[in-house]
There are 4 protein chains.
Amino acid sequence: MVSKQEQRSEETKKSILASAGVLFSSRGYDAVTMRDIAKEAGCSHTTIYIYFKDKEALLHQLSMPPILQLLEQVDTLLSEDSPPSDKLQAISLRVIEFCLVNRNMYNLFFTVKSVRVDEQTPEMAINQARNKLFGKLTESIQAVLGLNSQDEQLLLYTRIYFFNLYGIIATYSNSDETVEQLMGRLQPTFAESFEVLLIGIRSKVK
Amino acid sequence: MVSKQEQRSEETKKSILASAGVLFSSRGYDAVTMRDIAKEAGCSHTTIYIYFKDKEALLHQLSMPPILQLLEQVDTLLSEDSPPSDKLQAISLRVIEFCLVNRNMYNLFFTVKSVRVDEQTPEMAINQARNKLFGKLTESIQAVLGLNSQDEQLLLYTRIYFFNLYGIIATYSNSDETVEQLMGRLQPTFAESFEVLLIGIRSKVK
Amino acid sequence: MVSKQEQRSEETKKSILASAGVLFSSRGYDAVTMRDIAKEAGCSHTTIYIYFKDKEALLHQLSMPPILQLLEQVDTLLSEDSPPSDKLQAISLRVIEFCLVNRNMYNLFFTVKSVRVDEQTPEMAINQARNKLFGKLTESIQAVLGLNSQDEQLLLYTRIYFFNLYGIIATYSNSDETVEQLMGRLQPTFAESFEVLLIGIRSKVK
Amino acid sequence: MVSKQEQRSEETKKSILASAGVLFSSRGYDAVTMRDIAKEAGCSHTTIYIYFKDKEALLHQLSMPPILQLLEQVDTLLSEDSPPSDKLQAISLRVIEFCLVNRNMYNLFFTVKSVRVDEQTPEMAINQARNKLFGKLTESIQAVLGLNSQDEQLLLYTRIYFFNLYGIIATYSNSDETVEQLMGRLQPTFAESFEVLLIGIRSKVK
DNA sequence: TATGAATGAGTGTTCATTCAT
DNA sequence: GATGAATGAACACTCATTCAT
């Protein structure tokens with residue numbers, strides 16, 4: 001059983017994390033101050049330092065859990081018993097949804113940025129997760145195209161596939177609509193984009 | 001006739017603008033200080049305020065000329081006597097190059113960002129320019145696909161075309177390579193991406 | 001009879017005091033935080049406030065026991081049946097050792113520092129102890145020189161003797177060596193300094 | 001001719017330096033804040049950063065000029081045509097006066113403290129100056145005692161001489177009296193301390 | 001008795017901006 | 001027109017201390 005204190009503490013921490021998430025997403029990491037986060041979370045800015053080492057720690061704690069969850073979901077989708085192209089489609093949509101839910105935070109995942117050599121642990125973790133995600137997507141594309149993993153064409157068309165994916169995310173990451181609205185309205189568009197792209201690619205691969 | 005003073009004055013202003021452009025592009029808007037710009041421009045940081053209301057004004061004045069130049073170049077390309085698909089390809093590559101040259105400044109073009117109600121003029125101007133650019137690209141795509149401008153399919157595939165375009169830009173806008181290096185290395189990749197995409201789209205449009 | 005609770009309580013207090021002593025001595029008063037002390041003492045930092053009004057109170061409580069112990073030892077040395085000059089030598093070396101063991105804490109003994117008018121008790125106590133120590137040393141010097149306690153020369157040469165003593169302490173109070181190392185290495189030097197000084201003084205006194 | 005602006009600027013800088021000097025001396029470097037200095041100097045705390053890189057720079061600018069001046073004066077005294085013992089006496093008194101004028105700042109000269117390896121320039125400069133001073137004093141003592149520079153006795157008695165010197169400085173560096181008052185009142189005492197010490201030492205050296 | 005939670009005051013430092021010249 | 005001087009607001013972060021439990 002958890003005491004009332006522990007409960008309150010947990011609430012405060014969650015509130016800080018949630019506030020930081022909202023603010024980082026809407027205004028960007030640099031533009032958000034610790035006091036902004038505190039005000040949003042309804043506590044003193046010093047309280048944040050009780051739960052998080054510094055501003056950067058906040059950012060990382062904020063980004064690891066969702067990305068790990070995403071990886072798990074991708075794994076689940078990959079292990080399903082369905083045509084490779086269906087899997088790729090599902091994974092792609094899932095990645096899009098994930099990035100839109102985490103809005104501008106996705107920059108954290110997809111840009112290398114500030115990888116300090118001396119204290120590598122947190123960035124390394126994200127780097128690893130990101131590389132894993134890329135690997136899984138590549139794997140899925142490979143299965144769809146029926147290419148050998150050494151084939152130069154695989155790299156080329158994976159890149160191009162990523163352009164489409166990243167373009168979708170970048171286009172709508174600044175939207176004011178909710179993710180539900182966006183996905184509801186545009187999922188067919190996204191699906192179509194992958195479909196036509198794969199048609200084009202297949203015409204080249206063979 | 002312009003006096004010598006006016007001439008010197010104009011030179012200073014241009015120097016400030018040029019310096020700000022270089023610095024904003026290479027280090028990002030936030031990371032550049034007014035003193036940095038002044039040092040680069042060879043004047044005092046207070047001098048900047050004679051010509052520009054504040055730092056943001058600098059950014060806006062800075063973004064109009066290149067975007068206008070881009071529009072002009074796109075117009076030139078459009079008016080050339082060559083196959084529509086060649087034109088679209090050329091325009092697309094030109095837009096990519098433009099966005100990479102202006103790096104993180106391109107956010108200014110493609111995101112709405114901080115539209116203050118009281119003094120809308122500069123944002124409006126950029127909005128107009130951007131809309132024009134989108135219009136021209138759409139027009140070019142329309143010509144390639146041979147679609148009616150009212151056709152729902154036009155909107156759909158233009159959107160998808162933009163995904164690819166925007167994805168390329170977003171992918172490489174944080175790169176440390178020079179634009180020359182990037183374009184030299186990846187232009188074939190970019191071209192291939194547009195080609196396969198159009199193949200796929202055409203197979204649907206008929 | 002003391003209850004178990006009282007016993008535990010006393011232990012905690014002693015632990016805090018001991019930890020603070022170690023830390024103040026090794027890192028200096030200002031550089032040590034209440035949390036540092038608490039961690040070292042194995043309790044919460046708030047617990048410290050149960051036993052001590054504030055950080056400064058800790059410092060004062062910390063300085064009394066050793067200085068009282070020193071006074072006692074000096075008394076023992078004084079009461080021994082040996083030549084006065086041997087006694088003075090022994091006392092001097094003991095004082096040096098004491099000051100080096102308590103390192104930068106010795107400032108507390110030898111400087112007046114922040115005597116608040118409202119709550120004078122702790123400073124008063126230290127003042128008294130210090131004055132007693134000075135008195136005993138003067139007494140010992142007097143015995144060595146065979147001077148009358150009213151003699152002006154006594155004050156003069158006592159002062160000079162203190163210069164030497166204080167100079168030794170000040171010189172080595174910032175050293176990184178342990179007290180054992182320092183005393184082992186330099187005790188002959190210290191002894192020689194007192195010896196030549198007394199030779200010089202005696203040549204003047206008669 | 002200097003403009004009014006330059007004059008004001010110079011005044012501000014001097015005022016900051018003077019205020020920092022007073023405060024560092026009376027309360028110690030760490031206990032003084034940039035805002036304290038600014039208030040004392042009658043300017044904003046940010047103004048300090050116009051003239052000095054950071055707090056440490058202030059400290060070093062504050063300490064170099066006087067120590068260089070001291071070195072010069074010691075050189076002058078050394079080059080005079082008078083008995084070695086008179087020179088040593090004069091130099092010793094000069095060093096005492098210097099340290100009392102610069103009160104607790106002398107800690108900066110005489111303690112090694114915080115010599116960072118990476119950015120050595122400022123500390124190095126002070127280190128050099130201090131070593132020069134020590135060298136000159138040793139040289140002077142050597143001349144008085146007529147010892148060979150390799151003689152072990154020279155090191156021993158130089159050390160002891162320094163104890164006396166440093167003891168005097170440490171004793172009066174916290175005094176509230178002005179330097180004039182102190183020197184006027186105690187110069188005979190200081191002179192006597194050196195005299196008896198040298199008598200004692202000479203009796204050993206030969 | 002003891003503690004985790006929380007905070008206000010304060011640290012050095014930076015920066016866009018204003019003002020007097 | 002141009003600039004050096006100056007500043008207030010803000011930044012991330014720390015710490016001694018208080019409060020509710």
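These are my notes on DNA strand E and on how chains A and B relate, taken from a predicted model.

**Entry 1: who surrounds the DNA**
I looked up the residues around DNA strand E and found 41. The closest are A:Thr47, A:Tyr51, C:Thr47, C:Tyr51 and D:Thr33. I then sorted the surface near the strand by class. It has 19 polar, twelve nonpolar and ten charged residues.

**Entry 2: which helices take part**
I noted the helices that each supply at least two residues of the surface near DNA strand E. Chain A gives helix H1 (4–27) and helix H3 (45–51). Chain C also gives helix H1 (4–27) and helix H3 (45–51). From chain B comes helix H2 (34–41). Chain D supplies helix H2 (34–41) and helix H3 (45–51).

**Entry 3: backbone or bases**
I checked which atoms of DNA strand E lie within 4 Å of the protein. Of these, 55% belong to sugar or phosphate, and the rest belong to bases.
Next I looked at phosphate oxygens of the strand. A polar side-chain atom of A:Thr47 lies 2.5 Å from one. For C:Thr47, a polar side-chain atom lies 2.3 Å from a phosphate oxygen. B:Met34 uses its backbone: an N or O atom there lies 2.9 Å from a phosphate oxygen.

**Entry 4: chain A on chain B**
I laid chain A on chain B. The RMSD is 1.5 Å, after a turn of 175° and a shift of 0.5 Å along the axis. That is the relation of a two-fold axis. Which residue of chain A comes closest to the rotation axis? A:Gly200 does, with its C-alpha at 1.6 Å.
Last, I compared the interfaces. 100% of the interface residues of chain A are also interface residues in chain B, so the copies meet through the same surface.

Notes. Residues are numbered from 1 along each chain as its sequence is written. Chains are lettered from A and ligands numbered from 1 in the order in which they are written. This is a predicted model: local features need pLDDT of at least 70, side-chain atom pairs count only at pLDDT 80 or more; totals for chains, interfaces and linings use all residues. Side-chain values use heavy atoms; hydrogens and water are left out. A residue is near a molecule or strand if one of its heavy atoms lies within 4 Å of it. A polar contact is a pair of N or O atoms within 3.5 Å; within protein, one must be able to donate a hydrogen and the other to accept it, and residues adjacent in sequence count only if both atoms are side-chain atoms. Helices (H or I, at least four residues) and strands (E, at least two) are DSSP runs, numbered from the N terminus. Ala, Val, Leu, Ile, Met, Phe, Trp, Tyr, Cys and Pro count as nonpolar, Asp, Glu, Lys and Arg as charged, and the others, Gly among them, as polar. Copies are superposed by least squares on the C-alpha atoms of residues with pLDDT of at least 70 in both. Contact means heavy atoms within 4.5 Å.
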